[in-house]
Amino acid sequence: MNKFSDIQYVRPDVSSLKKQAGGYIRRFKNAKTAEEADAAFLAAVGLIENAGTMYVVASIRNTANMKDAFYDAEMKFYNRAMPMLMPLLKKAASALLQSPFRPALEEKYGAQLFKTFEMQQKLLSVKIILPTVKENNLTTAYSKTAAACSVEFMGEKCNFYGLLRHMQSTDRAERKAAFNAWAKLYEDVSPKLEEQYGKLVRLRAGIAKKLGYESYIDYIYPSRGRFDYTAADAAAFREAVRKYITPLCDRLYKAQAVRLGLEKLEWYDEGLVFPEGNAAPIGTPEELVAKAGQMYDALSPETSEFFAFMREHELFDLVTRENKHLGGYCTTLPGEKAPFIFSNFNGTSADVDVLTHEAGHAFEAYYAMRRLPLSLLASSTSEINEIHSMTMEHFAYPYMELFFGENADKYRYAHFTDALRTIPYLVSVDEFQHRVFENPASGPADWRRYWREIEGKYMPWRSYDGNAFLESGGFWMQKQHIFLYPFYYIDYALAQLGAFSLYQKQTEGQDAWGAYLTLCSIGGKYGYFDTLSRAGIPIPLKEETVKATAEFAEKQIGVLEEKVKG
């Protein structure tokens, strides 16, 4: 393939796409043998992959510069065009499900794919085309609102991510000033964000009703491929987190306050793990990528091949810029069997996290797409996908001297404890979304109250030093997943337990890498619980798994503390 910057973007011709797809569907229906049916199916998939690749190219270039007029227009096109394809996709899924050759196709591609198609028969409806177009436009508007936020701070123009770097300063006055500037950015834009979220809540609740669901919660679970567990199971998992993980995190924060010499830990103190400063990566973004290349060469032949491919084709956009979309992600160009990593480096250890977390996603996509019969099978549900990324973060520990030199042990301690301490926040976001959609008529004041109540439940240590906006519950709106990817957040908590399980295998001398490759090779061919079982990972929703994870984490923290004290 070409370098990403050299890929020529061509907007898909929707009329031609529909016509060609219709022809493949007819070929499939008229097939006389399983081989003929499979050939028609693969031709249709190839058509979709090529169009999907153009969509991903446009999306990446749009997020790289939210003010690029051309790609802004292209995303508006996709926001309109993609929902219009629902009837065609439903027709294609129906043909697959009713085919006399379904058993042979299931044998080749797995039953999970057909289970997803069965669910799509209900979810893909002309009733929701217009609301889905509106939802897409609203999420684009939210992204532009968030990307446009910036403030002058200490002589530089900072967006939200730029300010987070200052909140790890050893100077508490600087941390507090950055915190107040960060909070002020959100406070100033909060009326617009709350208006956008209110419209999204009403639209999403309406979509569920149009499809015959009692609530959006009932709709979103099957929509996200959650066939193995329910909202009640998620609630029980959150309670297990509160019971076993929250107390351990509370002790960690209390120890951190002592380490920093503080009577009370404020939110802007949480990010500073060591009084002399957190471990910071050594080198420019280009140098960090080169060091990542050394790490992946040493880790395994599979990762060496993968990362060389990423570098050769320049499948990264890592540096923070004005008008660049917030956050980081990994996506794939299906027609090229190529991942792409997007991030906002800010000079902190989070930059190295990107080169392990997002690279974990990218490695799985690269590895699976070359081993599974369909690129679309390479991705599983997010509860599995995030295990790929989080496990890679832990497997990278032996190579941290490359990035942090003599501070590598500090990084390992901070990273491991942060992975644990994030879990109560992850389940807080999940409970918040359940509360909102249990009460879809709720408004901004309710959302702030929900958040503050939930914070107190899972994160009793959280304090905002009297900042009225955040003390009133405004912190919820800093999480873009709530706007863009509804109910995609507990997945990280479930996946972190899976990642800890694989890392525990490594610490105990078991074949953790083999289990990880098994997980990556499976992709999305099987269901959630089945995939976990095949990789030897315990089901994280069980209370005993949460308890055992907390016990392992506490033991491992003790090992890491001794190394830091050294």
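These are numbered notes on a predicted model of one protein chain.

1. **Overall build.** Start with the whole chain. It holds 25 helices and five strands. Its radius of gyration is 23 Å, close to the 24 Å that the globule rule gives for 566 residues, so the chain is as compact as a globular protein of that length. The C-alpha trace spans about 75 × 50 × 50 Å along its principal axes.

2. **Burial and contacts.** How much of the chain is buried? Buried residues make up 59% of the 566 residues. Now look at contacts between residues with a separation of 6 or more. Residues 24 or more positions apart account for 74% of these.

3. **The main core.** Nonpolar side chains tend to be buried together in soluble globular proteins. Here the largest nonpolar core has 171 residues. Six of them touch the most other members: Trp-182, Tyr-197, Phe-237, Leu-420, Phe-432 and Phe-483. Another core lies apart from this one and has 30 residues. Among its members are Leu-96, Leu-105, Phe-114 and Met-369.

4. **Trp-182 up close.** Pick out Trp-182 in the model. Leave aside residues up to four places away in sequence. Trp-182 then touches Phe-160, Leu-163, Leu-164 and Met-167. Its other partners are Trp-267, Leu-470, Phe-475 and Gln-478.

5. **Helix 10.** Is this helix enclosed or open? Helix 10 covers residues 216-223, and six of its eight residues are buried, so it is largely enclosed by the rest of the structure. The buried ones are Tyr-216, Ile-217, Tyr-219, Ile-220, Tyr-221 and Pro-222. They pack against helix 6 (111-123), helix 9 (172-210), helix 11 and helix 18.

6. **Arg-175.** Helix 9 also contains Arg-175. Is Arg-175 buried or exposed? The cut-off for buried is under 20% relative accessible area. Arg-175 has 2% relative accessibility, so it counts as buried. Which residues is it in contact with, beyond its neighbours within four places in sequence? One stretch of partners is His-166, Met-167, Gln-168, Ser-169 and Thr-170. The others are Tyr-268, Asp-269 and Leu-272.

7. **The largest pocket.** This pocket holds about 250 Å³ of space. It is lined by 17 residues. Lys-157, Cys-158, Asn-159, Gly-162 and Thr-320 lie nearest its centre. Strand 2 (156-158) and helix 8 (160-166) are the elements that give two or more residues to the lining. By class, the lining has six nonpolar, six polar and five charged residues.

8. **The second largest pocket.** Its volume is about 200 Å³. The lining has 13 residues, and Val-10, Pro-12, Asn-50, Ala-51 and Met-54 lie nearest the centre. Which helix gives the most to this lining? Helix 2 (residues 34-64) does, with five residues. The lining has seven nonpolar, three polar and three charged residues.

9. **Cavities.** Rolling a probe the size of a water molecule over the atoms shows where empty space is left. The count comes to two cavities of 30 Å³ or more. About 40 Å³ of space lies in the second largest cavity. Its lining is made of Leu-252, Gln-256, Arg-259, Val-273, Tyr-413, Thr-417 and Arg-421. Helix 11 (231-260) and helix 18 (408-438) each supply at least two of the lining residues. By class there are three nonpolar, two polar and two charged residues. Helix 11 and helix 18 also pack against the buried residues of helix 10.

10. **Two backbone angles to check.** Glu-314 is not a glycine, yet it has a positive phi of about 50°. Find it in the loop between helix 14 (301-312) and strand 3 (316-319). Glu-314 counts as partly exposed, at 38% relative accessibility. Phe-487 is not a glycine either, and its phi is positive too, at about 70°. Phe-487 sits in the loop between helix 21 (480-484) and helix 22 (490-507). At 0% relative accessibility, Phe-487 counts as buried. Both residues are in loops, but Glu-314 is partly exposed, whereas Phe-487 is buried.

Methods
Residues are numbered from 1 along each chain as its sequence is written. This is a predicted model: local features need pLDDT of at least 70, side-chain atom pairs count only at pLDDT 80 or more; totals for chains, interfaces and linings use all residues. Side-chain values use heavy atoms; hydrogens and water are left out. On a 1 Å grid over the protein atoms alone, a cavity is a set of points where a 1.4 Å probe fits but cannot get out, and a pocket is an open set with protein on both sides within 12 Å along at least five of seven lines; lining residues have an atom within 4 Å of a point. Grid points are joined across faces, edges and corners, and a volume is the space filled by probe spheres set on the points. Helices (H or I, at least four residues) and strands (E, at least two) are DSSP runs, numbered from the N terminus. Ala, Val, Leu, Ile, Met, Phe, Trp, Tyr, Cys and Pro count as nonpolar, Asp, Glu, Lys and Arg as charged, and the others, Gly among them, as polar. A nonpolar core is a set of buried Ala, Val, Leu, Ile, Met, Phe, Trp, Tyr and Cys residues joined through side-chain atoms within 4.5 Å. Buried means under 20% relative accessible area, exposed over 50%, partly exposed in between (1.4 Å probe, protein chains only). Contact means heavy atoms within 4.5 Å. The radius of gyration is taken over C-alpha atoms; the globule rule is 2.2 Å times the number of residues to the power 0.38.
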